[in-house]
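Me: I'd like to go through the labels on this one and check each against its cut-off. Can you take me through them?

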Amino acid sequence: MVELQEKIAQVSEGNLDVAVSFAKRNDEMGDLGRNFNYMMQRLRDSQAEIEILHRTQMSRAEHLATLGELAAGLAHEIRNPLAGIAGVMEIIAAICPRPVRRARW
């Protein structure tokens, strides 16, 4: 029981690389030890999977951020010439008289 308490204390401090040595016994304590060791292995596997998923999400976030920067730059490059063309059209409209529309009979 002392060993189990020590291992649980290590787990509570974040160390998942623990196992109890009494898991080899052929009694109830051995069953408890095997279950504890199995639980710790499952926790390590889950932690590894979470880390992989986290790295994948971070990679996706970086790609989306890059895509957003590219889209913003592209919009800026398109908007500037269009604004220039619109400005020139306003100047031309102010300088040139409007054509007279003739009524069709």
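**Labels and their cut-offs**

Reply: Sure, starting with the core: the largest nonpolar core is made up of eight residues, namely L4, L16, V18, V20, F22, A23, F36 and M40. This is a predicted model, where local features need pLDDT of at least 70, side-chain atom pairs count only at pLDDT 80 or more, and totals for chains, interfaces and linings use all residues. Residues are numbered from 1 along each chain as its sequence is written, and side-chain values use heavy atoms, leaving out hydrogens and water.

Me: What makes those eight residues a nonpolar core?

Reply: The term covers buried Ala, Val, Leu, Ile, Met, Phe, Trp, Tyr and Cys residues joined through side-chain atoms within 4.5 Å. Buried means under 20% relative accessible area, exposed means over 50%, and partly exposed is in between (1.4 Å probe, protein chains only). As background, in soluble globular proteins nonpolar side chains tend to be buried together.

Me: Why is V20 called buried or exposed, whichever it is?

Reply: V20 has 5% relative accessibility, so it counts as buried. V20 sits in the loop between α1 and α2; helices here are DSSP runs (H or I, at least four residues), strands are too (E, at least two), and both are numbered from the N terminus.

Me: What does V20 touch?

Reply: Leaving out residues up to four places away in sequence, V20 touches E3, L4, K7, G33, F36 and N37. Contact means heavy atoms within 4.5 Å. With those sequence neighbours left out again, F22 touches E3, L4, M29, G30, L32 and G33.

Me: Why does K7 have no salt bridge?

Reply: A salt bridge needs a side-chain nitrogen of Lys or Arg within 4 Å of a carboxyl oxygen of Asp or Glu. For K7, the nearest side chain of opposite charge is E3, 4.6 Å away, so K7 is buried yet has no salt bridge. On charge, Lys and Arg count as positive and Asp and Glu as negative, with His and the chain ends not counted. K7 belongs to helix α1 (residues 2-12) and touches V18, A19, V20 and F36, not counting residues up to four places away in sequence.

Me: How many salt bridges does the rule give?

Reply: The count comes to two. One joins the side chains of D27 and R25, at 2.5 Å from N to O. The other pairs D31 with R34, whose closest N and O atoms are 2.4 Å apart. D31 and R34 are three residues apart in helix α2, so about one helical turn separates them.

Me: Where do those four residues fall on the accessibility scale: what are D27, R25, D31 and R34 called?

Reply: D27 is partly exposed at a relative accessible area of 25%, and R25 is partly exposed at 41%. D31 comes out at 40%, so it is partly exposed, and R34 is partly exposed at 35%.

Me: How do you know which label N35 gets?

Reply: N35 has 52% relative accessibility, so N35 counts as exposed. N35 lies in helix α2, and its C-alpha atom is separated from that of Q57, 22 residues apart along the chain, by 33 Å.

Me: What makes L74, I78, L82, I85, V88, M89 and I92 a patch?

Reply: Patch members have over 30% relative accessible area and no salt bridge; like charges are joined within 9 Å, and nonpolar side chains (Val, Leu, Ile, Met, Phe, Trp, Tyr) within 5 Å. I78 is at 45% relative accessibility, so I78 counts as partly exposed and passes the 30% bar. I78 lies in helix α2 (residues 28-95). Together the seven named residues form a nonpolar surface patch with about 680 Å² of accessible area, computed by the Shrake-Rupley method with a 1.4 Å probe, where for residues only the protein chains shown count as cover.
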